[in-house]
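Here's a quick walk through one model, from its confidence to its sheet and core. Have the sequence and the 3D view open side by side as you read.

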Amino acid sequence: MRTINFALTALLLTAPSAAAIAQSNPPDPGKTAPTGVTQQQALYDAGVAGYSMMSGLTKEKDGSWMGEGSKGGSESRFSVDPSGKVTPLP
């Protein structure tokens with residue numbers, strides 16, 4: 001659990017500088033899009049979407065991540081797609 005909290009804290013501290021770099025280097029339309037996000041990026045995106053105490057994060061073949069976490073006081077499952085969009089699961 002401390003590892004996840006540490007990883008989220010590290011990402012929160014480095015995300016603004018990464019965003020600035022990404023904005024200064026627009027994507028080349030001739031290059032293909034990335035096939036997914038890293039585990040740390042998926043945890044960060046889920047945290048921004050309101051999830052905490054995340055666990056069971058597993059990567060799917062399509063590059064998405066599935067996990068569980070607490071949101072709004074209850075446990076729920078979620079998915080993070082390859083672009084970083086977080087979706088609650090039934």
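Where is methionine 53 found? Methionine 53 sits in strand 1, and we'll come back to its backbone further down.

## What you're looking at

This is a predicted model, so to speak of local features we ask for pLDDT of at least 70, and side-chain atom pairs count only at pLDDT 80 or more, while totals for chains, interfaces and linings use all residues. Residues are numbered from 1 along each chain as its sequence is written, and side-chain values use heavy atoms, with hydrogens and water left out.

The protein chain has a mean pLDDT (the predictor's confidence in each residue, from 0 to 100) of 78, with 61% of its residues reaching 70 or more. Two stretches fall low. Residues 17-22 stay under 50 and have zero contacts (heavy atoms within 4.5 Å) beyond four places in sequence. Residues 27-33 are also below 50, again with zero contacts in the model beyond near neighbours in sequence.

## Overall layout

The protein chain has two helices and four strands, and from the N terminus on they run α-α-β-β-β-β. Helices (H or I, at least four residues) and strands (E, at least two) are DSSP runs, numbered from the N terminus.

Of the 90 residues in the protein chain, 22% are buried; buried means under 20% relative accessible area, exposed over 50%, and partly exposed in between, with a 1.4 Å probe and protein chains only. Among contacts with a separation of 6 or more, 36% link residues 24 or more positions apart.

## The strands and their hairpins

Two strands pair if DSSP finds at least two bridges between them. Strand 1 and strand 2 do so in the antiparallel sense over four bridges, with threonine 58 facing methionine 66 of strand 2 as its bridge partner. Five residues lie between these strands in a hairpin, and glycine 63 in the turn has a positive phi of about 95°.

Strand 2 (residues 65-71) then pairs with strand 3 (residues 74-80), antiparallel, over seven bridges. Methionine 66 turns up again here, bridged to serine 79 in strand 3. This hairpin has two residues between the strands, and glycine 72 takes a positive phi near 65°. Strand 3 is also joined to strand 4 (residues 86-89) by four bridges, the two running antiparallel, and phenylalanine 78 stands opposite proline 88. Their hairpin has five residues in between, with glycine 84 in the turn at a positive phi of about 100°.

## Helix 2 and the core

Which residues of helix 2 (residues 39-48) are buried? They are Ala42, Leu43, Asp45 and Ala46. Seen down the axis of helix 2, they fall within an arc of 165°, so they line one face of the helix; the arc is that of the directions from the helix axis to the C-beta atoms. An α-helix has 3.6 residues a turn, so residues three or four places apart point the same way. Just after helix 2, glycine 50 takes a positive phi of about 105°.

The largest nonpolar core has 10 residues: Val37, Ala42, Leu43, Ala46, Tyr51, Met54, Leu57, Trp65, Phe78 and Val80. A nonpolar core is a set of buried Ala, Val, Leu, Ile, Met, Phe, Trp, Tyr and Cys residues joined through side-chain atoms within 4.5 Å. Helix 2, strand 1 (52-59) and strand 3 each supply at least two residues of this core, and helix 2 gives the largest share, three residues. Leaving out residues up to four places away in sequence, tyrosine 51 touches a list of residues including Ala46, Gly69, Phe78 and Pro88.

## A few residues to click on

Back to methionine 53: its phi is positive, about 45°, although it is not a glycine. Methionine 53 counts as exposed, at 56% relative accessibility.

Serine 70, in strand 2, is buried at a relative accessible area of 15%. Its C-alpha is 5.2 Å from that of serine 52, 18 residues away in sequence. Beyond four places in sequence, serine 70 touches Gly50, Tyr51, Ser52, Met53 and Glu75.

Serine 79, in strand 3, is buried too, with a relative accessible area of 12%. Apart from neighbours within four places in sequence, its contacts include Trp65, Met66, Val86 and Leu89.
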